[in-house]
Amino acid sequence: TVIAHNSILGNATSGVFVGDGSSAQATNTWIIGNLIANNAAAGVFLDDADSGTLATRIVGNVIVGNTGAGIQAQEAASLFIDQNTLANNTAYGVRFDATSSTDVCLRNNSFSGNATSALRVDISVTANPAPACVGPLSTGPPYGNHVDAADYCSGSAGCPLDTSPVW
């Protein structure tokens with residue numbers, strides 16, 4: 001499934017929803033080069049989106065002004081979030097909640113002006129150890145990401161990946 005080069009604006013719920021569905025499942029989903037803005041919930045909502053290697057790729061999007069998180073993930077596996085602008089969302093830039101997410105690569109994104117924080121982690125999140133995600137160990141903001149806020153991460157699960165090669 002490819003969602004590319006669209007303007008996804010002003011929807012009554014999330015701009016893009018990727019889930020397991022009862023009759024059909026989106027697999028190997030690519031969300032690339034879109035403007036996703038001013039939606040009434042998360043810009044991109046992932047619910048049990050977990051088929052294949054790096055099954056969901058969210059790359060090169062401008063995700064701004066959504067009511068909720070820019071990207072919200074619940075039980076997302078093999079998730080690759082790269083080179084996105086996540087700004088001025090009324091909650092978080094990226095939020096992981098409800099059910100654990102595994103094999104996550106979050107790199108080279110720009111976070112700015114999100115109302116609560118750039119990143120919120122409320123559940124276990126496991127990093128992807130692949131070479132494409134590996135950077136220098138750091139106790140600072142997520143690896144390769146630009147975070148325009150002192151409080152870059154919050155959540156009941158803390159920021160367990162702060163010292164991993166990915167974050």
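Contact here means heavy atoms within 4.5 Å. With that in hand, let us walk through this predicted model, starting from one well-connected residue.

**Val94 and the core**

Leaving aside residues up to four places away in sequence, Val94 touches Ile71, Ile81, Leu86, Leu106, Phe111, Ala118, Leu119 and Arg120. Val94 also appears among the residues that touch the most other members of the largest nonpolar core, a set of 24 residues; the others in that group are Val44, Leu46, Ile58, Ile71, Leu79 and Phe96. Two or more residues of this core come from each of strands S3 (16–19), S6, S9 (71–74), S10 (77–82), S12 (92–96), S13 (101–107) and S15 (117–121). S15 gives the largest share, three residues. As general background, nonpolar side chains tend to be buried together in soluble globular proteins.

**Strand neighbours**

Where does S6 sit among its partners? S6 runs parallel to S3, with four bridges joining them, and four bridges also join S6 to S9, again in parallel. Leu46 shows up on both sides of this arrangement: Val18 stands opposite Leu46 in S6, and Leu46 in turn stands opposite Ala73 in S9. **Two partly exposed residues**

Asp47 and Val62 each belong to a strand, and the table gives their accessibility.

| Residue | Strand | Relative accessibility |
|---|---|---|
| Asp47 | S6 (residues 44–47) | 28% |
| Val62 | S8 (residues 62–64) | 35% |

Is Asp47 buried or exposed? Neither label fits, because buried requires under 20% relative accessible area and exposed requires over 50%; at 28%, Asp47 therefore counts as partly exposed. Val62, at 35%, counts as partly exposed by the same cut-offs.

Each of these residues also has company. Asp47 and Glu75 are 28 residues apart in sequence, yet their C-alpha atoms are 6.0 Å apart in space. Val62 joins Leu9 and Leu35 in making a nonpolar surface patch of about 220 Å².

**The chain as a whole**

Stepping back, the protein chain has 18 strands and zero helices. Of its 167 residues, 48% are buried. Among contacts with a separation of 6 or more, 74% are between residues 24 or more positions apart. The chain exposes about 6900 Å², and carbon and sulfur atoms supply 52% of that area.

Notes. Residues numbered from 1 in each chain as written. Predicted model: local features only at pLDDT ≥ 70, side-chain atom pairs only at ≥ 80, totals over all residues. Heavy atoms only, no water. Buried < 20%, exposed > 50% of the residue type's maximum accessible area, 1.4 Å probe, protein only. Patch = residues over 30% accessible without salt bridge, like charges linked within 9 Å, V, L, I, M, F, W, Y side chains within 5 Å. Areas by Shrake-Rupley, 256 points an atom, 1.4 Å probe, with all protein chains shown as cover. Salt bridge = Lys/Arg side-chain N within 4 Å of Asp/Glu carboxyl O. Core = buried A, V, L, I, M, F, W, Y, C linked by side-chain atoms within 4.5 Å. Pairing = 2+ DSSP bridges.
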